[in-house]
Amino acid sequence: MCTAAVYKTKDFYFGRTLDYEFSYGDEIAVTPRNYVFNFRHSGKLENHYAIIGMAHVAGDYPLYYDAINEKGLGMAGLNFVGNAAYAAADENSSCENGTCGIAKTKVAQFEFIPWILSLCATVADAKEKLNRILLVDTPFSSQLPVAQLHWIIADKNECIVVESMADGMHVYDNPVGVLTNNPPFPYQMAALNNYRGLSTKQPENTFAPGVELSAYSRGMGGLGLPGDLSSQSRFVRVAFTKQNSKSDDSENASVSQFFHILGSVDQQRGLCEVTEGKYEITLYTSCCNCDKGIYYYTTYDNSQITAVDMNRENLDEKLLIRYPVITEGKICWQN
Ligand SMILES: C[C@H](CCC(=O)NCCS(=O)(=O)O)[C@H]1CC[C@H]2[C@@H]3CC[C@@H]4C[C@H](O)CC[C@]4(C)[C@H]3C[C@H](O)[C@]12C
């Protein structure tokens with residue numbers, strides 16, 4: 001399970017939690033503008049927008065989980081197991097949707113984030129490109145089979161969700177700017193209807209005439225907000241938290257608030273048993289400042305916010321720039 005969210009103050013922020021029972025081995029990877037992408041079906045791309053994000057680096061290839069580009073576009077992949085379906089790599093796509101002759105570009109699932117972030121400056125650009133691509137099931141390697149994912153793509157003006165399913169590719173506008181896992185996005189949105197009575201203000205007593213009931217505690221307007229770790233519940237909880245969030249617009253206040261928004265769906269070890277003795281936890285939480293190109297993160301044992309700034313690197317390079325994730329926490333002693 002994972003949760004992604006966007007947040008806007010003076011700048012635009014984009015990030016996610018990555019919840020799992022083990023790490024694939026992640027690094028913060030900066031792909032500079034002249035790194036050569038050899039896309040499996042569409043060939044070489046020699047210059048493109050620079051990208052920073054969390055990736056498993058295989059050989060020198062950045063398999064991004066979540067990333068932003070230098071134009072301020074963000075994108076993250078979240079598990080969508082049982083619903084994700086990609087076209088077969090050898091499918092003849094030239095007659096899709098009745099538009100014979102206009103072949104779609106095939107993009108392998110693992111290269112979807114690099115492909116979009118290399119080429120698109122905005123969600124509007126991405127939407128246009130999405131009409132003309134086919135996500136295919138070409139695996140990166142036999143050791144890294146195709147992951148079943150769906151994606152959130154956002155800039156400061158717009159947010160969308162992309163779900164490739166057995167009945168084709170769906171692109172949804174995302175008015176709440178959050179994403180978790182199953183079920184498909186329209187169901188997640190529909191579930192919010194059940195919570196339309198929630199409020200950040202104290203509720204009126206509308207229970208029944210003649211029944212005296214008191215607001216004996218603060219926060220009773222949110223009573224009924226789900227607290228469990230299922231993806232539907234996390235969707236509702238993080239949407240409520242994010243939509244009602246308030247903070248100063250300074251960098252420190254915005255970043256701090258962002259980690260609190262995703263903190264509302266943090267997974268503590270022990271609460272979600274996936275197999276005997278194995279527990280899913282929030283391995284890391286990220287927060288990108290999309291305007292400044294900064295990747296902030298915390299990990300399960302390191303709640304100190306750590307940052308990598310893409311603009312402190314030479315973005316005209318050709319080689320991938322890599323930083324290990326600092327997973328060890330330090331306690332700041334005051335005496
Ligand atoms: C495991 C993670 C999702 C966590 C999650 O949601 N856990 C809930 C389980 S549950 O669904 O709720 O039961 C996902 C999110 C992003 C993924 C990588 C994307 C790049 C690359 C794509 C390649 O094709 C395969 C390898 C690859 C490195 C991927 C490995 C893995 O798949 C990653 C880390």
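**View 1. Leu 320, a buried loop residue.** Leu 320 has a relative accessible area of 16%, so it counts as buried (under 20% relative accessible area; exposed is over 50%, partly exposed is in between, with a 1.4 Å probe and protein chains only). The model shown here is predicted: local features need pLDDT of at least 70, side-chain atom pairs count only at pLDDT 80 or more, and totals for chains, interfaces and linings use all residues. Numbering runs from 1 along each chain as its sequence is written, and side-chain values use heavy atoms, with hydrogens and water left out. Leu 320 sits in the loop between β19 (306-309) and β20 (321-324); strands are DSSP E runs of at least two residues, helices are H or I runs of at least four, and both are numbered from the N terminus. Not counting residues up to four places away in sequence, Leu 320 touches Val 30, Thr 31, Pro 32, Tyr 35, Val 57, Asp 60 and Pro 62 (contact means heavy atoms within 4.5 Å). Ala 29 is 291 residues away along the chain, yet its C-alpha is 6.8 Å from that of Leu 320.

**View 2. Thr 138 and Leu 144 share a loop: both are placed between β10 and β11.** The strands on either side are β10 (133-136) and β11 (149-154). Thr 138 is buried, at a relative accessible area of 12%. Its side chain makes a polar contact with the side chain of His 41 (2.7 Å); that term means a pair of N or O atoms within 3.5 Å, where within protein one must be able to donate a hydrogen and the other to accept it, and residues adjacent in sequence count only if both atoms are side-chain atoms. Setting aside residues up to four places away in sequence, Thr 138 also touches Arg 40, Ala 89, Ala 108, Phe 110 and Val 146, among others. For Leu 144, the contacts outside four places in sequence are Tyr 24, His 56, Ala 58, Leu 63 and Pro 139. Leu 144 and Glu 328 are 184 residues apart in sequence, with 27 Å between their C-alpha atoms.

**View 3. Helix α4, largely enclosed by the rest of the structure.** Of the 14 residues in α4, 10 are buried. They are Ser 231, Ser 233, Arg 234, Phe 235, Val 236, Arg 237, Val 238, Ala 239, Phe 240 and Lys 242. What covers them includes β1, β2, β14 (178-179), α3 (185-192) and α5. The end C-alpha atoms of α4 are 20 Å apart, agreeing with the 20 Å that its 14 residues should span at 1.5 Å a residue (the expected span is 1.5 Å times one less than the number of residues).

**View 4. Helix α5 and what it packs against.** This helix runs over residues 251-263, and its 18 Å reach from first C-alpha to last is close to the expected 18 Å. Buried here are Glu 251, Ser 254, Val 255, Gln 257, Phe 258, Phe 259, Ile 261 and Leu 262. Those buried residues pack against β1 (2-8), β2 (12-20), α4 (231-244), β17 (281-289) and β18 (294-299).

**View 5. Two nonpolar cores, separate from each other.** A nonpolar core is a set of buried Ala, Val, Leu, Ile, Met, Phe, Trp, Tyr and Cys residues joined through side-chain atoms within 4.5 Å. The largest has 50 residues, and Phe 14, Ile 28, Ile 52, Ile 152 and Tyr 295 have the most contacts inside it. The second, of 41 residues, includes Tyr 35, Ala 84, Leu 144 and Leu 149.

**View 6. Cysteines without disulfides.** The structure holds 0 disulfides, taking a disulfide as a pair of cysteine sulfur atoms within 2.5 Å. Cys 120 is in none, as the nearest cysteine sulfur, in Cys 290, is 14 Å away. Cys 120 is buried, with a relative accessible area of 0%. Cys 287 is also at 0% and counts as buried; the closest cysteine sulfur, in Cys 288, is 6.8 Å from its own, which is too far for a bond.

**View 7. A cis peptide bond between Asn 182 and Pro 183.** Omega is about -5° at this bond. Pro 183 lies in the loop between β14 and α3. Most peptide bonds are trans.

**View 8. Residues 97-101, where pLDDT stays under 50.** pLDDT is the predictor's confidence in each residue, from 0 to 100. For this stretch the model has 5 contacts beyond four places in sequence. Where pLDDT is low, the predicted coordinates should not be read in detail. The protein chain averages a pLDDT of 96, and 96% of the residues score at least 70.
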